[in-house]
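Thank you all for making the time this morning. I would like to walk through one chain with you, and I will ask a few questions along the way and answer them as I go.

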Amino acid sequence: MDDLDRQILDILRRDARTPYTEIADEVGTSEGTVRNRVERMMDDDVIERFTISTRTGNVQAMLEISVAVDVDTKGVSERMAEWDEVDFVWMVSGEQDIVLVVDAADTRGVNDLITKARDQDEVVSTKTRLILDEELG
C-alpha cells in the first residue's frame, strides 16, 4: 500500500458510496486508477467489505470480554459474530481479549447480550461501555 491507496481508503471510510470520479478528482488521478486500486485492495483483502453507518435510535455498546488463557479466541469471536445484534467483533490486546460492538433495541437487549456472553464457558469477565455518540472522521 502506498500513499495513494491510503488517500483512497480515507475517502471511502468517510463515505463508501463516493463515486470513483469524485475520489479521482480529490486525489489527483484518473477514475480508472482509482477503480483499479480499489479492486486490487479488495482482491488483497485490504478492503474486506463496504458498510454503512446508521442512526437507528437503538442503544449501541461495546462489550469487552476476557477469556481464559487456553482459549481459542478466534473461535469464540467467530461464534459471537453470528449473534444478531453484533455489528463488529475485534480481537484486541490488553486487559480484554474480544470487543463486541453491538446495536440493540434497548438496554434490556444489551443486558441480554452481556448475559449471553457471560454464559459462554470460555468467558472469564466482561465490561460494558455504552456508546453515547459517534463522529465519522
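What pLDDT does the chain average, and what share of the residues score at least 70? This is a predicted model, and the chain averages a pLDDT of 90, with 94% of the residues scoring at least 70. Within the chain, confidence is lowest in α1, where the mean is 88, and it is highest in strand β4, residues 123-130, where it reaches 96.

Let me begin with helix α2, which covers residues 20-27. Which residues of α2 are buried? They are Ile23, Ala24 and Val27, and because these three cover an arc of only 100° around the axis, they sit on the same side of α2. As a general point, an α-helix has 3.6 residues a turn, so residues three or four places apart point the same way. The face of α2 that is turned away from this buried side carries Asp25 and Glu26, which are exposed. For Asp25, the relative accessible area is 67%, and that is why I call this residue exposed, the cut-off being over 50%. If you would like a distance for orientation, Asp25 and Arg49 are 24 residues apart in sequence, and their C-alpha atoms are 23 Å apart in space. Just after α2 comes Gly28, which takes a positive phi of about 80°.

What covers the buried residues of α2? The cover includes α1, residues 3-14, and α3, residues 31-43, which brings me to the way these helices pack. In general, two packed helices are described by the angle between their axes and the distance between the axes.

I will take α2 with α3 to start. These two pack at an angle of about 105°, with their axes 8 Å apart, and α2 and α3 are therefore roughly perpendicular to each other, since the range for that term is 65 to 115 degrees. On the side of α2 the contact is made by Tyr20, Thr21, Ile23, Ala24 and Val27, and on the side of α3 by Glu31, Val34, Arg35 and Val38. Sorted by class, the contact of α2 with α3 has six nonpolar residues, one polar residue and two charged residues. Please note that Ile23, Ala24 and Val27, which I named as buried, are among the residues of α2 in this contact.

Now for α1 with α3, where the angle is about 85° and the axes are 11 Å apart; α1 and α3 are therefore also described as roughly perpendicular to each other. From α1 the contact takes Leu4, Asp5, Ile8, Leu9 and Leu12, and from α3 it takes Thr33, Val34, Arg37, Val38, Arg40 and Met41. The residues of this contact of α1 with α3 divide into seven nonpolar, one polar and three charged. Val34 and Val38 of α3 appear here, and they appear in the contact with α2 as well.

There is one further residue of helix α1 to look at, namely Ile11. Is Ile11 buried or exposed? Its relative accessibility is 5%, so Ile11 counts as buried. Leaving out residues up to four places away in sequence, Ile11 touches Thr18, Ile23, Glu26 and Val27.

Moving along the chain, I would point you to Asp45, in the loop between α3 and β1, the latter being residues 59-67. In general, most residues other than glycine have a negative phi, whereas Asp45 has a positive phi of about 60° although it is not a glycine. Asp45 is exposed, with a relative accessible area of 57%.

Finally, there are two residues of helix α5, which covers residues 107-118. Val110 is found in α5 and is buried, at a relative accessible area of 4%. Which residues does Val110 touch, not counting residues up to four places away in sequence? They are Val59, Ala61, Leu63, Ala104 and Thr128. Asn111, also in α5, has a relative accessibility of 44% and so counts as partly exposed. The C-alpha atoms of Asn111 and Ile65, which are 46 residues apart along the chain, are separated by 14 Å.

How values were computed. Residues are numbered from 1 along each chain as its sequence is written. This is a predicted model: local features need pLDDT of at least 70, side-chain atom pairs count only at pLDDT 80 or more; totals for chains, interfaces and linings use all residues. Side-chain values use heavy atoms; hydrogens and water are left out. Buried means under 20% relative accessible area, exposed over 50%, partly exposed in between (1.4 Å probe, protein chains only). Helices (H or I, at least four residues) and strands (E, at least two) are DSSP runs, numbered from the N terminus. The arc is that of the directions from the helix axis to the C-beta atoms. Contact means heavy atoms within 4.5 Å. pLDDT is the predictor's confidence in each residue, from 0 to 100. Axes are lines fitted to C-alpha atoms, for helices over the stretch in contact, and angles run from 0 to 180 degrees between N-to-C directions. Angles under 35 degrees count as roughly parallel, over 145 as roughly antiparallel, 65 to 115 as roughly perpendicular and the rest as oblique. Ala, Val, Leu, Ile, Met, Phe, Trp, Tyr, Cys and Pro count as nonpolar, Asp, Glu, Lys and Arg as charged, and the others, Gly among them, as polar.
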